[in-house]
Amino acid sequence: MGNPFKVMIMGYLLPLFTAVVALLIPEYDQQYIKWIVAVFVLLLLLPIVFSLRFTANKKIAYRLTIAYQLYAFTFFAAFPLLKVLKGSIVIQLLLVGLFIGIYFLAIFDQRTEVPIVFPDSDKRKWLAIPFYAIPVFLAVFGFGGDHRVARRFFETHGYDFAMTYTSIILYLFACWLLFLFTSLAYKSLVKKVE
């Protein structure tokens with residue numbers, strides 16, 4: 001992995017980029033700046049808190065900070081859907097609750113006998129195929145990266161419907177990434193200690 005401190009410092013760029021993109025999509029909303037600033041203040045305080053907690057091993061503190069940077073990245077990727085649905089607070093709370101629930105589902109999955117992400121058994125590796133097929137399907141349903149298809153979709157279906165649709169695709173991809181990052185962090189930080 002190299003020097004964890006340098007990786008941690010460079011790791012702030014990923015959530016920063018996603019925060020800027022999430023701030024501008026679907027439209028600029030000043031209310032979300034407060035949320036972004038609050039998350040970044042927490043991210044900046046994490047290395048200090050973790051360094052005080054793990055005084056003997058600073059690498060663990062830096063690795064935990066990197067894990068939370070990845071969580072912030074996925075959380076900011078879920079912002080466009082929350083902004084599209086800003087009129088209904090109940091649905092927003094359900095989406096945030098589902099997002100947080102995915103984190104705990106990934107931890108529960110890693111504690112099972114055969115986890116979905118990186119199954120240990122050679123006989124059960126086929127269980128991971130549907131998990132790794134999800135981003136392929138999301139890419140196909142998300143226009144496959146072709147901006148001409150996306151523009152045509154926006155023109156034919158209208159801005160409101162198309163932005164809701166693409167925000168849902170982005171939200172589902174963020175949930176998939178959260179599950180993957182949580183499983184990786186659990187496997188590298190918790191299972192190595194056990």
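Leaving aside neighbours within four places in sequence, which residues is Ser 51 in contact with? In this predicted model, where residues are numbered from 1 along each chain as its sequence is written, local features need pLDDT of at least 70, side-chain atom pairs count only at pLDDT 80 or more, and totals for chains, interfaces and linings use all residues. Side-chain values use heavy atoms, with hydrogens and water left out. With neighbours within four places set aside, Ser 51 is in contact with Lys 58, Ala 61 and Tyr 62, where contact means heavy atoms within 4.5 Å. Ser 51 belongs to helix H3, residues 31-53. At 14% relative accessibility, Ser 51 counts as buried; the term buried stands for under 20% relative accessible area, exposed for over 50%, and partly exposed for values in between, with a 1.4 Å probe and protein chains only.

A view of the whole chain helps to place such details. The protein has nine helices and zero strands, and its elements run α-α-α-α-α-α-α-α-α from the N terminus on. Helices (H or I, at least four residues) and strands (E, at least two) are DSSP runs, numbered from the N terminus. Taken along the principal axes, the box filled by the C-alpha atoms is roughly 55 × 45 × 35 Å. The protein has 194 residues, of which 39% count as buried. Among contacts with a separation of 6 or more, 71% are accounted for by residues 24 or more positions apart.

The surface and the charges can be described in the same way. The accessible surface comes to about 11,900 Å², and 72% of this belongs to carbon and sulfur atoms; accessible areas come from the Shrake-Rupley method with a 1.4 Å probe, and for residues only the protein chains shown count as cover. There are 18 positive and 10 negative side chains, and the centres of the two sets lie 10 Å apart. Lys and Arg count as positive and Asp and Glu as negative, while His and the chain ends are not counted. The place of a charge is taken as NZ of Lys, CZ of Arg, CG of Asp or CD of Glu.

Helix H2 covers residues 13-24 and includes Leu 14. Leu 14 counts as partly exposed because its relative accessibility is 36%. Beyond its neighbours within four places in sequence, Leu 14 is in contact with Leu 70 and Phe 73. Between Leu 14 and Thr 74, 60 residues apart in sequence, the C-alpha to C-alpha distance is 9.8 Å. Ala 19 also has its place in H2. Ala 19 has a relative accessible area of 3% and is therefore buried. Not counting residues up to four places away in sequence, Ala 19 touches Ile 36, Phe 40 and Phe 76. Ala 19 and Phe 5 are 14 residues apart in sequence, with 22 Å between their C-alpha atoms.

The loop between H2 and H3 holds Tyr 28. With a relative accessible area of 49%, Tyr 28 is partly exposed. Tyr 28 touches Leu 23 and Ile 33, residues up to four places away not being counted. The C-alpha atoms of Tyr 28 and Lys 83 are separated by 9.4 Å, although these positions lie 55 residues apart along the chain.Helix H4 spans residues 58-77; at 1.5 Å a residue its 20 residues should span 28 Å, and its end C-alpha atoms are 29 Å apart, which agrees. The expected span of a helix is 1.5 Å times one less than its number of residues. Asn 57 caps the N-terminal end of H4, with a side-chain oxygen 3.3 Å from the backbone nitrogen of Lys 59. Such a polar contact is a pair of N or O atoms within 3.5 Å; within protein, one must be able to donate a hydrogen and the other to accept it, and residues adjacent in sequence count only if both atoms are side-chain atoms. Gln 69 lies in H4 and is buried, at a relative accessible area of 2%. Outside its neighbours within four places, Gln 69 is in contact with Met 8, Gly 11, Tyr 12, Pro 15 and Leu 43.

Further along the chain, helix H7 (residues 129-141) reaches 18 Å from its first C-alpha to its last, close to the 18 Å expected for its 13 residues. Its buried residues are Phe 131, Pro 135 and Leu 138. Phe 143 is not a glycine, yet has a positive phi of about 75°. Phe 143 sits in the loop between H7 and helix H8 (147-157) and is buried, with a relative accessible area of 15%. Asp 146 caps the N-terminal end of H8 through a side-chain oxygen 3.2 Å from the backbone nitrogen of Arg 148. After H8 comes Gly 158, with a positive phi near 90°.
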